[in-house]
Amino acid sequence: LVNVGDILARRGEPLRALELYEEDLGITRRLVQRDEIPEHLRDLSVSLNKVGNIFMQRGEPLRALPLFEESLSIARRLVQDDETPEHLRHLSVSLSKLGDAFARRDEPLRALELYEEDLAIARRLMQDDDIPVHLRELSVSLNKVGGILAQIGQQDRALELYEDGLAVARRLVQQDETPEHLRDLSISLSRVGGIFAQREEIPRALELFEEDLAIARRLVQDDPTPRHLTDLAFSLSKVGDILAQRDELHRASSLQEECLSIARLLREDDDTPQARGRLHSVLFRFGEIERSLGRHESAFERHRENLELHRAAMASGDEADDDPRVVNQVVWCLHLAAESLLEMHRPAEAAEWLADGLADAERLAEICGDDESAIDTCAAYWESTAKAAEALGDATRASEAAARGAEFRRRIAPAS
């Protein structure tokens, strides 16, 4: 059951894999009830992790969390009873998976505690026996701790760990150039590059991101799985962002267009929250690059598609229409679409789009609280409304909208 489930999961069929994993979980629970020997306990822990993995893949960390917690409890018990390398390694895996769930739920400090315990075990296993599997797990552990440190603003410590992880990943590829080792190297390159990008060391970041992209392309050419396609989309986006910062907009546009094609394909195959989020992000980035290039029709189409994607998800209940983050994105898309129409000297259409989104803008104003991003979106919406009204000769409407925009701006930077 597990072997077939693993094949289905790799092929991008998570729901079919889940059926098999859950059936296996039921069997392993019964075996443990009959005889709590270490082998049965470890099999149960593995089954719990397999089911949890699918929920994580589906964007449901809350459902994965109790499974990973139960798995970790079993793994700790196995180590307490018999501290073998195999049991330590399994404990390391269970710590990492539970850390992933907390990280996905935006609980970085709880994730960090688990990841650091995992890293300590990975270092110990590596010292005892530097076989490839221990090297790989050390590389992954270093990246996970580094990721949380970067998230909580400890960039220098994060870079140290990322660079250690990159060195291990390069060593693994030199020893055995497997797809798994190549993917680990790609991830390490991306993480180190991300720190340099944050530090605005753009040439160094671009060098690392381009090496990452070359590996991601190779992996897709060899095996175009959803996982490899997702990695390629991220790599394309990162290089595109750096090129846009360097004002190499035509190259950036080409990469973001390729990224968009992959993001659409992945969503068609499996319409998960992650797939939709990825598509939202790419449409926004690509649209803004097109606008910077003066390709306003193309920019408008990207922002229109993004808006329609949000509204369809809200209508189906996949996105909550009272979620400030979602409403913020909807109103921002309206603003950007209207700006593109104004650039094309189509103020009547811009005004129509903005009027159609008035209810969304008013709702965002009610629920935004002190969120500066949402307040900025409200200000931008009303500023676009004022420009459209002015272009149409409606001075009263333009004045009213400009006053609303100024009101929101003052909330971000109040007069002293």
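Select helices α12 and α13 in this predicted model: their crossing is left-handed. Helix α12 spans residues 249-269 and helix α13 spans residues 273-292, and the two pack at an angle of about 155° with their axes 9 Å apart. Angles over 145 degrees count as roughly antiparallel, so α12 is roughly antiparallel to α13. To view the contact, display the side of α12 that includes Leu249, Ala252, Cys259, Leu260 and Ala263. Then add residues of α13, among them Leu279, Val282, Leu283, Phe286 and Ile289. Charged residues also take part in this contact, including Glu257 and Arg264 of α12 and Arg278 and Glu290 of α13.

Next, select Cys333. This residue is buried, with a relative accessible area of 5%. What is the distance from its sulfur to the closest cysteine sulfur? The closest one belongs to Cys378 and lies 14 Å away, which is too far for a bond.

Move on to Cys378 itself. Its nearest cysteine sulfur is that of Cys368, 4.8 Å away, and Cys378 is in no disulfide. A disulfide requires the two sulfur atoms to be within 2.5 Å, so the 4.8 Å separation of Cys378 and Cys368 does not qualify. Cys378 is likewise buried, at 2% relative accessibility. The structure as a whole holds zero disulfides.

Finally, select Ser92, which is located in helix α5, residues 85-104. Is Ser92 buried or exposed? Its relative accessible area is 4%, so Ser92 is buried. Display Asp118 as well: the side chains of Ser92 and Asp118 make a polar contact at 2.3 Å. Leaving aside residues up to four places away in sequence, Ser92 touches Asp118 and Ile121.

Methods:
Residues numbered from 1 in each chain as written. Predicted model: local features only at pLDDT ≥ 70, side-chain atom pairs only at ≥ 80, totals over all residues. Heavy atoms only, no water. Helix = DSSP H or I, 4+ residues; strand = E, 2+ residues; numbered from the N terminus. Buried < 20%, exposed > 50% of the residue type's maximum accessible area, 1.4 Å probe, protein only. Polar contact = N/O pair within 3.5 Å; in protein donor to acceptor, adjacent residues only side chain to side chain. Contact = heavy atoms within 4.5 Å. Axes fitted to C-alpha atoms, helices over the stretch in contact; angles between N-to-C directions. Parallel < 35°, antiparallel > 145°, perpendicular 65-115°, else oblique. Left-handed = near helix turned anticlockwise from the far one by under 90°.
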